[in-house]
Amino acid sequence: MDTLSYKTLSANKETANKEWLLVDAEGQSLGRLASKVAKLLRGKHKPNFTPHADCGDFVVVVNSDKINLTGKKWSEKVYERYTGFPGGQRSVTAEQVHDKDATRLVERAVKGMLPKNKLGRAILKNLRVYEGAEHQQDAQQPRKIDINEFK
């Protein structure tokens, strides 16, 4: 009996078949969009998912300036950071973050849904977020997917 035929194949960075995906964020809820994009980046939608390897896809998100937040989250959702100095706690609302740079809301939401380690930081580099409908990844020919049909 050949025991080599029973080996479980584990995907790694070299053997992963990565592709470019285009996601339109217009009219989407921020958290639901971010969780689906994080799943695409991580590669959990693929049958050869490996938790310790970057086997996910490259994701391009367009129209991030047309994202939705439900309820009073535009004014009540607060992003906090600490400068490291006494009295250095700074906070901004989601509306202020959106007015300054609309891509930061999506990037920060997706970052929070990825692993907090080297792998998570490497996976986050596979995400490109743009405010308008135009993007710079035309040469990669990203395949447009409907995020609503995706689980």
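## Contacts around Val61

Contact here means that heavy atoms lie within 4.5 Å of each other. By that criterion, and leaving aside its neighbours within four places in sequence, Val61 is in contact with Val23, Ala25, Val37, Val106, Leu127, Arg128, Val129 and Tyr130. The structure discussed is a predicted model, and the description below should be read with that in mind.

## The parallel sheet and its helices

Four strands form an open sheet in the order β5-β2-β1-β6, with parallel pairing. At its edges stand β5 (127-129) and β6 (143-144), and because each has a single partner strand, one side of each is left without a neighbour in the sheet. Within the sheet, strand β1 (residues 20-24) is paired in the parallel sense with strand β2 (residues 58-62) over five bridges, and Leu21 stands opposite Val59 in β2.

Two helices can be placed against these strands. Helix α1 (residues 30-42) lies across β1, β2 and β5, and runs at about 155° to β2. Helix α4 (residues 103-111) also packs on the sheet, where it touches β2 and β5, and its direction makes about 155° with that of β5.

## Two nonpolar cores

The largest nonpolar core has 29 residues, and Val61 and Val110 are those with the most contacts inside it. At least two residues of this core are supplied by each of β1, α1, β2, α3 (94-100), α4, α5 (118-124) and β5, with α1 giving the most, seven residues. Apart from this core lies another, of six residues, among them Leu22, Phe58, Val60 and Val62.

In a regular strand the side chains alternate between the two faces of the sheet. For the reader inspecting β1 and β2, it may help to recall that residues 20-24 and 58-62 make up these strands, that Val61 belongs to the core of 29 residues, and that Val60 and Val62 belong to the core of six.

## The antiparallel hairpin

Strand β3 (residues 78-82) and strand β4 (residues 89-93) run antiparallel and are joined by five bridges, with Val78 standing opposite Thr93 in β4. Six residues lie between the strands of this hairpin, in which Gly84 takes a positive phi near 105°.

## Positive phi outside glycine

Two residues other than glycine also deserve attention for their backbone angles. Asn63, in the loop between β2 and α2 (73-76), has a positive phi near 60°. Its relative accessibility is 5%, and since buried means under 20%, Asn63 counts as buried.

Gln141, which lies in the loop between β5 and β6, has a positive phi of about 50° although it is not a glycine. With a relative accessible area of 66%, Gln141 is exposed, the cut-off for that class being over 50%.

## The largest pocket

The largest pocket has a volume of about 310 Å³. It is lined by 14 residues, of which Tyr79, Val92, Val97, Arg104 and Arg108 are the closest to its centre. The elements that give two or more residues to this lining are β3, β4, α3 and α4, and the largest share, four residues, comes from α4. Helix α4 therefore appears in three parts of this description: it packs on the sheet, supplies at least two residues of the largest nonpolar core, and contributes to the lining of the largest pocket.

How values were computed:
Residues are numbered from 1 along each chain as its sequence is written. This is a predicted model: local features need pLDDT of at least 70, side-chain atom pairs count only at pLDDT 80 or more; totals for chains, interfaces and linings use all residues. Side-chain values use heavy atoms; hydrogens and water are left out. Two strands pair if DSSP finds at least two bridges between them. Axes are lines fitted to C-alpha atoms, for helices over the stretch in contact, and angles run from 0 to 180 degrees between N-to-C directions. A nonpolar core is a set of buried Ala, Val, Leu, Ile, Met, Phe, Trp, Tyr and Cys residues joined through side-chain atoms within 4.5 Å. Buried means under 20% relative accessible area, exposed over 50%, partly exposed in between (1.4 Å probe, protein chains only). On a 1 Å grid over the protein atoms alone, a cavity is a set of points where a 1.4 Å probe fits but cannot get out, and a pocket is an open set with protein on both sides within 12 Å along at least five of seven lines; lining residues have an atom within 4 Å of a point. Grid points are joined across faces, edges and corners, and a volume is the space filled by probe spheres set on the points.
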